[in-house]
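Thanks, everyone. I would like to take a few minutes to walk through one model with you, beginning with its annotation and ending with a few individual residues.

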Amino acid sequence: MNEFLAPPCPCGSGVSYRECCQPLHHGERQARTAEELMRSRYSAFACGDADYLFRTWHPRTRPADVTIDPALTWAGLEVEDTVAGGPDDDRGEVEFTARFEAEGRAGSLHERSRFERRAGRWFYVDPEDG
């Protein structure tokens, strides 16, 4: 497939899904930063990949089962702030707003998420309280 015809990544990175989040979803590589993991998790919601969401959720906080609401269509992601979460950190936070549509109505989810790195892999922990 011509790179110019490849669909853009849902995470809003500006590059193709094949070059951005797909390798993470397929286990070909790991997220290097907390923000990259957060973006790939958003893309997993947009693409319906509940298995990836489960695998990247911290074992201490993840639910027994992860499902994706098929009535939601994810419409865009804006990263508003990051604290730490770089390649040399063990913890990080990412604040974002994710837009969606459900039953013809627009909505959004605003969250500051916490991430931890275990054994060299980033995991989503939970939303920050407060």
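UniProt, in an unreviewed entry, lists residues 33-126 as "domain: YchJ-like middle NTF2-like", and I should say at once that what you have in front of you is a predicted model. Over that stretch, residues 33-126, the chain is 21% helix and 48% strand, and the C-alpha atoms at the two ends of the stretch lie 16 Å apart.

Turning to the chain as a whole, the secondary structure comes to three helices and four strands, and the order from the N terminus is α-α-α-β-β-β-β. The radius of gyration is 14 Å, close to the 14 Å that the globule rule gives for 130 residues, so the chain is as compact as a globular protein of that length. Taken along the principal axes, the box filled by the C-alpha atoms is roughly 35 × 35 × 30 Å.

Of the 130 residues, 40% are buried, and among contacts with a separation of 6 or more, 43% are between residues 24 or more positions apart. On the outside, the chain exposes about 7,600 Å², of which carbon and sulfur atoms supply 48%. As for charge, there are 16 positive and 24 negative charges, and their mean positions are 4 Å apart.

Let me now go to a single residue, F115, which is found in strand β3, residues 105-118. Is F115 buried or exposed? Its relative accessible area is 2%, and under 20% counts as buried, so F115 is buried. Which residues does F115 touch, leaving aside those up to four places away in sequence? They include A34, L37 and M38, then D90, R91, G92 and V94, and also W122, F123, Y124 and V125. With L37, the C-alpha atoms are 8.7 Å apart in space, although the two residues are 78 apart in sequence.

Finally, two loop residues deserve a look for their backbone angles. Most residues other than glycine have a negative phi. E103, in the loop between β2 (91-102) and β3, has a phi near 50 degrees, a positive value in a residue other than glycine. A119, in the loop between β3 and β4 (121-127), likewise has a positive phi, near 50 degrees. Where the surface is concerned, E103 counts as exposed at 77% relative accessibility, and A119 is exposed as well, with a relative accessible area of 86%.

I will stop there and take your comments.

Terms used: Residues numbered from 1 in each chain as written. Predicted model: local features only at pLDDT ≥ 70, side-chain atom pairs only at ≥ 80, totals over all residues. Heavy atoms only, no water. UniProt positions renumbered as here; feature names shortened; annotations may be inferred. Rg over C-alpha atoms; globule rule 2.2 N^0.38 Å. Buried < 20%, exposed > 50% of the residue type's maximum accessible area, 1.4 Å probe, protein only. Contact = heavy atoms within 4.5 Å. Areas by Shrake-Rupley, 256 points an atom, 1.4 Å probe, with all protein chains shown as cover. Lys, Arg positive; Asp, Glu negative; His and termini not counted. Charge placed at Lys NZ, Arg CZ, Asp CG, Glu CD.
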